[in-house]
Amino acid sequence: MLVSTRGRYALRIILELSSRPKDERVSLGELSEKQEISLKYAESIVAMLVKAGVLDGQRGKTGGYKLVKPASQIMVGEILKLTEESLAPVACLDCTPNQCPKAKNCKTLPMWQRLNSLISGYLFSVSIEDLNKAQ
């Protein structure tokens, strides 16, 4: 699994917002500047996060973005699942049930399934608040 810039930038935007007072709205321009992300790219990421219900966006002079729920309730896995096509370590785990014609006889499949479970379990156990505390 390779996390794209979209996933990394989404986490950075959320971390930036989580470092602000609860109801403070932050403009797209400020998010873009603070995180050194192009305005256009930040806009596409923020739009996706608003659509998914992670961020609340408001237009206008007093507008901007803020988190919908506390940082302790936003999990890294949730954000990466939104931004990445897949968190699976191998393509055959992207489908449920597994569509690989070799799945029944694959000696490596249990290992990949376990790795997938470990990755997912870990990412969904780390909150944005945890990341803020680690700094």
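This report describes the nonpolar cores, the strand pair and one buried polar residue of a predicted model.

The largest nonpolar core holds 30 residues, and Ile13, Leu17, Leu49, Ile79 and Ile128 have the most contacts inside it. Six elements, listed below, each supply at least two residues of this core.

| Element | Residues |
|---|---|
| Helix H1 | 5-18 |
| Helix H2 | 28-35 |
| Helix H3 | 39-51 |
| Strand S2 | 64-67 |
| Helix H4 | 76-83 |
| Helix H5 | 109-123 |

H1 gives the largest share of this core, with seven residues. A second core, separate from it, has five residues, among them Ala88, Val90, Leu93 and Ala103. In soluble globular proteins, nonpolar side chains tend to be buried together.

Leucine 49 is one of the residues with the most contacts inside the largest core. Beyond its neighbours within four places in sequence, leucine 49 contacts Ala10, Ile14, Val54, Leu55, Ile79 and Leu82.

Strand S1 (residues 55-58) runs antiparallel to S2, and four bridges join the two. One bridge pairs aspartate 56 with lysine 66 in S2. Five residues lie between the strands of this hairpin, in which glycine 60 has a positive phi near 105°.

Glutamine 35 lies in helix H2. Its relative accessible area is 14%, so glutamine 35 counts as buried, the cut-off being under 20%. Setting aside residues up to four places away in sequence, glutamine 35 touches Arg12 and Glu16. With glutamate 16 there is a polar contact between the two side chains, at 2.9 Å.

Methods:
Residues are numbered from 1 along each chain as its sequence is written. This is a predicted model: local features need pLDDT of at least 70, side-chain atom pairs count only at pLDDT 80 or more; totals for chains, interfaces and linings use all residues. Side-chain values use heavy atoms; hydrogens and water are left out. A nonpolar core is a set of buried Ala, Val, Leu, Ile, Met, Phe, Trp, Tyr and Cys residues joined through side-chain atoms within 4.5 Å. Buried means under 20% relative accessible area, exposed over 50%, partly exposed in between (1.4 Å probe, protein chains only). Contact means heavy atoms within 4.5 Å. Two strands pair if DSSP finds at least two bridges between them. A polar contact is a pair of N or O atoms within 3.5 Å; within protein, one must be able to donate a hydrogen and the other to accept it, and residues adjacent in sequence count only if both atoms are side-chain atoms.
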